[in-house]
Amino acid sequence: SLYPIAVLIDELRNEDVQLRLNSIKKLSTIALALGVERTRTELIPFLTDTIYDEDEVLLALAEQLGNFTPLVGGPEYVHCLLPPLESLATVEETVVRDKAVESLRNISQQHSPADLEQHFVPLVKRLASGDWFTSRTSACGLFSVCYPRVGGTVRVELRNHFRNLCQDDTPMVRRAAASKLGEFAKIVELDCIKSDLIPMWANLA
């Protein structure tokens with residue numbers, strides 16, 4: 001019935017943090033009741049616009065969105081989950097960012113190669129060149145999940161972005177890049193490891 005759904009949606013706007021948290025944890029129920037089209041056109045934009053909340057609410061939201069693909073209509077529409085997760089990947093609280101990155105890594109696998117290049121890679125580039133160190137830190141965890149499935153030109157761009165992160169002015173960003181360098185090296189072509197990744201490693205050492 002629509003009544004409980006209206007209540008849950010009202011609770012998403014409630015001043016009481018606990019009520020908002022309860023409603024976020026029932027997001028899949030709201031989405032099922034709305035159906036895939038209204039979830040895409042109404043619920044996801046609403047959630048994207050309300051990413052100014054307590055950390056525990058944002059953490060629950062980042063976790064929920066990682067499992068939302070069936071609720072927006074499957075892999076064909078999975079890219080509509082990127083805007084709220086991109087915003088969550090830039091917030092100040094580390095645990096929220098980490099959960100957003102984990103969810104982004106999950107849903108990256110549900111993108112077709114074409115959608116990955118059209119929607120996911122631009123998100124990685126935006127985060128990697130963001131003004132705030134938080135977004136650049138989050139970007140470091142996303143290269144290895146999209147690199148193997150994109151074309152040669154895009155791979156060059158991704159390696160260049162990763163190199164920039166290894167040379168970032170902010171120590172936290174360099175540390176994040178260093179922690180993901182091994183993971184990235186496993187999926188990069190051997191000649192690129194010699195020409196690109198070993199110099200990056202030398203810079204970080």
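1. Let's start with a residue you might not expect to find tucked away: arginine 159 counts as buried, because its relative accessibility is 10% and the cut-off for buried is under 20%. Please keep in mind from here on that this is a predicted model. Arginine 159 sits in helix 11, which covers residues 152–166. If you would like to find a landmark for it, try tyrosine 147: the two residues are 12 apart along the chain, and their C-alpha atoms are separated by 8.9 Å.

2. Now step back and look at the whole protein chain. Which kinds of secondary structure does the protein chain have, and how many of each? There are 13 helices and zero strands. Reading from the N terminus, the order of elements is therefore easy to remember, with α following α throughout: α-α-α-α-α-α-α-α-α-α-α-α-α.

3. Next, think about inside and outside. The protein chain has 205 residues, and buried ones make up 48% of them. Its accessible surface comes to about 10100 Å², and carbon and sulfur atoms account for 53% of that area.

4. How do parts of the chain that are distant in sequence meet? Take the contacts between residues at least 6 apart in sequence: 63% of these join residues at least 24 apart. Serine 103 gives you a place to look at contacts in detail. Serine 103 belongs to helix 7 and counts as buried, because its relative accessibility is 3%. Setting aside neighbours within four places in sequence, serine 103 is in contact with Ala62, Glu63, Gly66 and Leu85.

5. A word on the cysteines. How many disulfides does the structure hold? The number is zero. Two cysteines are still worth finding in the model. Cysteine 80 counts as buried because its relative accessibility is 15%, and cysteine 146 counts as buried because its value is 0%.

6. Now for the largest pocket, which has a volume of about 210 Å³. Its lining is made of 13 residues, and those closest to the centre are Asp98, Val101, Thr137, Ser138 and Lys180. Which elements give two or more residues to this lining? They are helix 7 (94–108), helix 9 (133–139) and helix 12 (171–185). Helix 7 provides the largest share, six residues. Sorted by class, the pocket lining has three nonpolar, five polar and five charged residues. You have already met helix 7, as the home of serine 103.

7. Finally, look for the enclosed space. Counting cavities of 30 Å³ or more gives one, and the largest cavity has a volume of about 30 Å³. The residues lining the largest cavity are Cys140, Gly141, Leu142, Phe143, Ser144, Phe162, Lys180, Glu183 and Phe184. Helix 10 (143–146) and helix 12 each supply at least two of them, and helix 12 has the largest share, with three residues. By class, this lining has five nonpolar, two polar and two charged residues.

8. One residue to pick out before you finish is Lys180. Lys180 is among the residues closest to the centre of the largest pocket, and Lys180 also appears in the lining of the largest cavity. Helix 12 likewise turns up in both places, giving two or more residues to the pocket lining and three to the cavity lining.

Methods:
Residues numbered from 1 in each chain as written. Predicted model: local features only at pLDDT ≥ 70, side-chain atom pairs only at ≥ 80, totals over all residues. Heavy atoms only, no water. Helix = DSSP H or I, 4+ residues; strand = E, 2+ residues; numbered from the N terminus. Buried < 20%, exposed > 50% of the residue type's maximum accessible area, 1.4 Å probe, protein only. Contact = heavy atoms within 4.5 Å. Areas by Shrake-Rupley, 256 points an atom, 1.4 Å probe, with all protein chains shown as cover. Disulfide = S-S within 2.5 Å. 1 Å grid on protein atoms, 1.4 Å probe; cavity = no way out; pocket = protein on both sides within 12 Å on 5 of 7 lines; lining within 4 Å. Points joined across faces, edges and corners; volume = space filled by probe spheres on them. Nonpolar A, V, L, I, M, F, W, Y, C, P; charged D, E, K, R; others polar.
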